[in-house]
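Colleague: Could you take me through one part of this model at close range? I would like to concentrate on the place where the two chains meet.

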Amino acid sequence: MAYLELNNIYKTYGEGDNTTEVLSNINLSIEEGEFVAIVGFTGSGKTTLVNLINGLLQPTSGDVLFKGEPVIGTSHERGVIFQNYSLLPWLTVSQNIYMAVKEAFPKKSKKERNEIVADYVEMVNLTPAINKRPKELSGGMRQRVAVARALAMKPEMIIMDEPLGALDALTRGNLQDEILNIWGKDKRTALLITNDVDEGIYMADRIIPLRPGPNATLGPEFKIDIERPRDKTELNDNLNFKKTRNAIIEYLMDIGNERKTEALEPIVLPDLEPKSFVGRF
Amino acid sequence: MSQGITLNKITKLIGLGFLSDLKALFARKLVKEDFIKFLRKFVVPIASIFLFIGLWHLGAKSLYNTEANYKIEKALTERGQVAADEMKACIASGDVSCQPNTLPSPAQVWGSFQTLLEDHKVISSDKAAFIEKTAALNETRVAEGKDAIVYTGRPSFVDQIFTSLKTVFAGFLLALFIAVPIGVVIGLSKTLRSSVNWLIQIFKPVSPVVWLLLVFMIVKTLTKNSNSDSAFIISFISVGLCSMWATLVNTAMGVSSVDKDYINVAKVLKLGAFQKVFKVILPSSLPLIFTGLRITLSVAWMVLIAIELLAQSPGLGSFVWEEFQNGAIDSNSKIIVAMFVIGGIGFLLDRIMLTIQNMVSFNKNDGI
């Protein structure tokens, strides 16, 4: 039995005539300790998919099973790193993380919790900024806080929704390494949603493209058989990398073209004639 | 250096950023942009004040002449040429008995302001003397179980200001303690919001006068058998009820429109209901709550004058009303003094609230 399983998931928004089917027939299974990336265009329903897995949304039909149990709400076992950091601006870095730690470990003493906070702040290299508020931090630092907040709850699975989307290329590369390092230490299960194929290949064991919505569904998976730890510069010369990358991009481009031709279907115009105003004025 | 920065921050915070500009201006050489800035920020406002006073002076003078001419004309038609000449001479001599009653000039208002301050000095020394004189007597009276003798003389203008401030703060606190909790509760529950919405929509536009009458009906009966100061109670409750709506609506809106990202965080962290309200919802709606409180305080100060006037509660409102009824020669200028004082205090209160509002505000994109 898979660690996380999605069976025939459909998700629609709206009611009656305004119904839009965002996701249809999503099937996915992730094994324990695996790092899976889902790549897709913006607006293809990635965030909806993430929210179904973390429990913020419920599927219209189908089930999300986590360790065999249906997901009916959020849980501390699944840590979430949001696309837009979502730090609370009125709390400092340590307070933001402490809030999560306090909820995750209600039985621990204040001192123990503070130690956990300090450990994770250290892990993301933010100790000098521990008492700063989010507005005093750069985008990369904020995302590190969000990473620390999600990890400090010691979740069994990390769900990342385009965590590095808003960052510049250099910061992005650094944080990718940091996340991989942390993941490598205790091999938690990880799900990464991204729109960057290279990022997916660099970080994940498996890449699954999401065919763009409405009616988004998962495409065929691509296994990444590249030894860890991976090196970014070497990766560019790796044949396997090139092959996989081209295959995925080709697949995504094909979907994109498909979508374009779909849109080019002739639109039938209503048969209207201008009203005759002769003699009315 | 750090002191300079903090000074800068403080002046920015209380909306007096131009003070630091002035400082910067003196600190370095005057270049052309600085000069334009200086012109715009200091010279133009000061010039406009003088222009205002000048226009006021001219307007008052013209009104004075119109009124004087009318008086002379009236004397001429009713009592003949001799009476008209007498009236003319009387007005020219500045005699109190025949001064035209119209808009006072800036100089007269300034004079009245000084009179009022003098008056305050006299009354407060009077009061101090009275308290000193009755101190020993009061001690024995209290020891005997009787009520102490209190000063019951006329309150001075400055006393009236403080009475008004006391009333407005009592009303503001009442509004705060009613509107914020109710606003939070109805902001949290859609059902409650729709159930009380009609009540808010109907009562929000009700005039202060009607609130006063309503409060009067209730408080009159409730305080029948007590010797508490019912005029004060009536006026502060009316002020509170009139002004609380802005806070109520803003709090409810702030609480009901908390950013979805924060709610998602609360859900993912699995915060309890209490934690969610106090750690996420309230802090994120604080800026809107304070915007509401700021409106509340300025509305409270505005309706206070009308309410004091009607409720016969001591304060600036009744001061204005008494002066108007009084009809003394300097009554009109005293009313204008009160007008400026009311305006000035209103401005100060607004600045205080703005400062607090700036302190609790955060940029919505700070954490995102």
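How many residues of chain B are in contact with chain A, and how many residues of chain A take part?

Modeller: Happy to, and please keep in mind that this is a predicted model. On the chain B side, 20 residues are in contact, and they meet 22 residues of chain A. Putting the two chains together buries about 2,100 Å² between them, with carbon and sulfur atoms giving 64% of that area. As for specific pairings, the count of salt bridges between chain B and chain A is 0, while 5 residue pairs are in polar contact, with both partners at pLDDT 80 or more.

Two helices of chain B, H10 (260-268) and H11 (273-311), each supply at least two residues of the side that touches chain A. The largest share comes from H10(B), with 6 residues. Sorted by character, the chain B residues on this side are 9 nonpolar, 6 polar and 5 charged. Charged residues are thus present on the chain B side, yet the salt-bridge count between the chains is 0.

Since you have the model open, have a look at helix H1 of chain A as well. This helix covers residues 46-54, and 8 of its 9 residues are buried, so it is largely enclosed by the rest of the structure. The buried set holds Leu49(A), Val50(A), Leu52(A) and Ile53(A), together with Lys46(A), Thr48(A), Asn51(A) and Asn54(A). Just past the end of H1(A) comes Gly55(A), with a positive phi of about 100°.

How values were computed: Residues numbered from 1 in each chain as written. Chains lettered and ligands numbered in written order. Predicted model: local features only at pLDDT ≥ 70, side-chain atom pairs only at ≥ 80, totals over all residues. Heavy atoms only, no water. Contact = heavy atoms within 4.5 Å. Buried area = accessible area lost by both parts, 1.4 Å probe. Salt bridge = Lys/Arg side-chain N within 4 Å of Asp/Glu carboxyl O. Polar contact = N/O pair within 3.5 Å; in protein donor to acceptor, adjacent residues only side chain to side chain. Helix = DSSP H or I, 4+ residues; strand = E, 2+ residues; numbered from the N terminus. Nonpolar A, V, L, I, M, F, W, Y, C, P; charged D, E, K, R; others polar. Buried < 20%, exposed > 50% of the residue type's maximum accessible area, 1.4 Å probe, protein only.
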